[in-house]
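Here's a quick tour for anyone meeting this structure for the first time. Take a look at the sequence and the 3D view, then follow the notes underneath.

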Amino acid sequence: MVIKKASLEAVAAVKKQFPETGLPEIAFIGKSNVGKSSLINALTGRKALARTSQSPGKTRTINFYNINDLLFLVDLPGYGYAKVSQAEQKKWGQVIESYLQTRKQLKESVLLIDIRHEPGAGDKMMYDWMTYYGIEPLIIATKRDKISKNQLQKQLAVIRKSLGIDHMDRIIPVSSETKEGIEQVWEHIEKTIGLDQPFSSEIR
């Protein structure tokens, strides 16, 4: 896909603020600081489309990024940030659940897992919740550049075993820094929404 347009089109804190465009949506979810914003920037070839932060828990809304007026990449609030109050965590959880369960134009849910570590309790809970409701997420193992080539298969096996994933083709190791895996993610997205275009994040 040649990225001609990538813009933040809507920011939603409640369901009534979700944009009604009818375009297919790809949702990204993961624990705080797992690299969702960095991944969206890497996918679009923009350095600061999605704001990144060293402080976890910054994304407190659902952010809708318009890509070429063809689809939306949707950044969901991160979970598992301990310094956020329980009331706030519950509020975010309800918004996330509402989106994932009711959004008709949602075509794929992407769960981000830090490749360096075994999935935590929050990751397992989210994966189990999604599969319980019939959502089979694509797993993106982030921060691929932080481990060696020799560690790769071992860490992917840890993720697969911990989450109980049957299909290895549902896990893509990605580095937002080196762009490894980015083209593979786009190929998956394009196949999912029925597009057949070569990938390029070059601004045209």
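A salt bridge here is a side-chain nitrogen of Lys or Arg within 4 Å of a carboxyl oxygen of Asp or Glu. With that in hand, keep in mind that you're looking at a predicted model. A search of the whole structure turns up nine salt bridges, and Glu 25 with Arg 103 is a good one to start from, with closest N and O atoms 2.8 Å apart.

**Salt bridges**

- The Glu 25 and Arg 103 pair ties together distant parts of the chain, 78 residues apart: Glu 25 sits in strand E2 (residues 25-30), while Arg 103 is in the loop between helix H2 (86-102) and strand E5 (106-114).
- Are these two partners buried or exposed? Glu 25 has 0% relative accessibility, so it counts as buried, and Arg 103 is buried too, with a relative accessible area of 9%.
- Arg 170 and Glu 108 make another salt bridge, and their closest N and O atoms are 3.3 Å apart.
- This pair also links distant parts of the chain, 62 residues apart, with Arg 170 in the loop between helix H4 (152-163) and strand E7 (171-173) and Glu 108 in strand E5.
- Arg 170 counts as buried at 15% relative accessibility, and Glu 108 is buried with a relative accessible area of 8%.
- Asp 145 and Lys 146 bring their side chains together in a salt bridge as well, at 4.0 Å from N to O.
- Here Asp 145 counts as partly exposed at 30% relative accessibility, whereas Lys 146, at 52%, counts as exposed.
- Which residues are joined into one network by salt bridges that share partners? They are Glu 20, Glu 25 and Arg 103.
- As a bit of background, side chains of opposite charge can pair when their charged atoms come close.

**The sheet**

- Seven strands make an open sheet, and going across you meet them in the order E1-E3-E4-E2-E5-E6-E7, with mixed pairing.
- At the edges are strand E1 (6-12) and E7, each of which pairs on one side only.
- On average, neighbouring strands of this sheet are turned by 25° against each other, direction ignored.
- E5 and strand E6 (residues 138-142) run parallel and are joined by five bridges; Val 110 stands opposite Leu 138 in E6.
- In general, strands of a sheet pair through backbone hydrogen bonds, either parallel or antiparallel.

**Helices on the sheet**

- Helix H1 (residues 36-44) packs on the sheet and touches E1, E2, strand E3 (62-67), strand E4 (71-75), E5 and E6.
- The direction of H1 makes about 145° with that of E2.
- H4 packs on the sheet as well, touching E5, E6 and E7, and its direction makes about 145° with that of E7.

**A closer look at strand E4**

- How many residues of E4 are buried? Five of the five are, so E4 is largely enclosed by the rest of the structure.
- Leu 71, Leu 73 and Asp 75 point one way from E4, Phe 72 and Val 74 point the other way, and all are buried.
- That fits a general pattern: in a regular strand the side chains alternate between the two faces of the sheet.
- On one pairing, E2 and E4 run parallel with four bridges between them, and Ile 26 stands opposite Leu 73 in E4.
- On another, E3 and E4 run antiparallel, joined by five bridges, and Phe 64 stands opposite Val 74 in E4.
- The hairpin of E3 and E4 has three residues between the strands, and Asn 68 in this hairpin takes a positive phi near 55°.

**Helix H3**

- At 1.5 Å a residue, the 12 residues of helix H3 (residues 121-132) should span 16 Å, and the end C-alpha atoms are indeed 16 Å apart, which agrees.
- Which residues of H3 are buried? They are Asp 123, Met 126, Tyr 127, Trp 129 and Met 130.
- These buried residues cover an arc of only 160° around the axis, so they lie on the same side of H3.
- Turn to the other side of H3 and you'll find Ala 121, Met 125 and Tyr 132 exposed.
- Just after H3, Gly 134 takes a positive phi of about 80°.

How values were computed
Residues numbered from 1 in each chain as written. Predicted model: local features only at pLDDT ≥ 70, side-chain atom pairs only at ≥ 80, totals over all residues. Heavy atoms only, no water. Helix = DSSP H or I, 4+ residues; strand = E, 2+ residues; numbered from the N terminus. Buried < 20%, exposed > 50% of the residue type's maximum accessible area, 1.4 Å probe, protein only. Pairing = 2+ DSSP bridges. Axes fitted to C-alpha atoms, helices over the stretch in contact; angles between N-to-C directions. Contact = heavy atoms within 4.5 Å. Expected span 1.5 Å × (residues − 1). Arc of directions from axis to C-beta.
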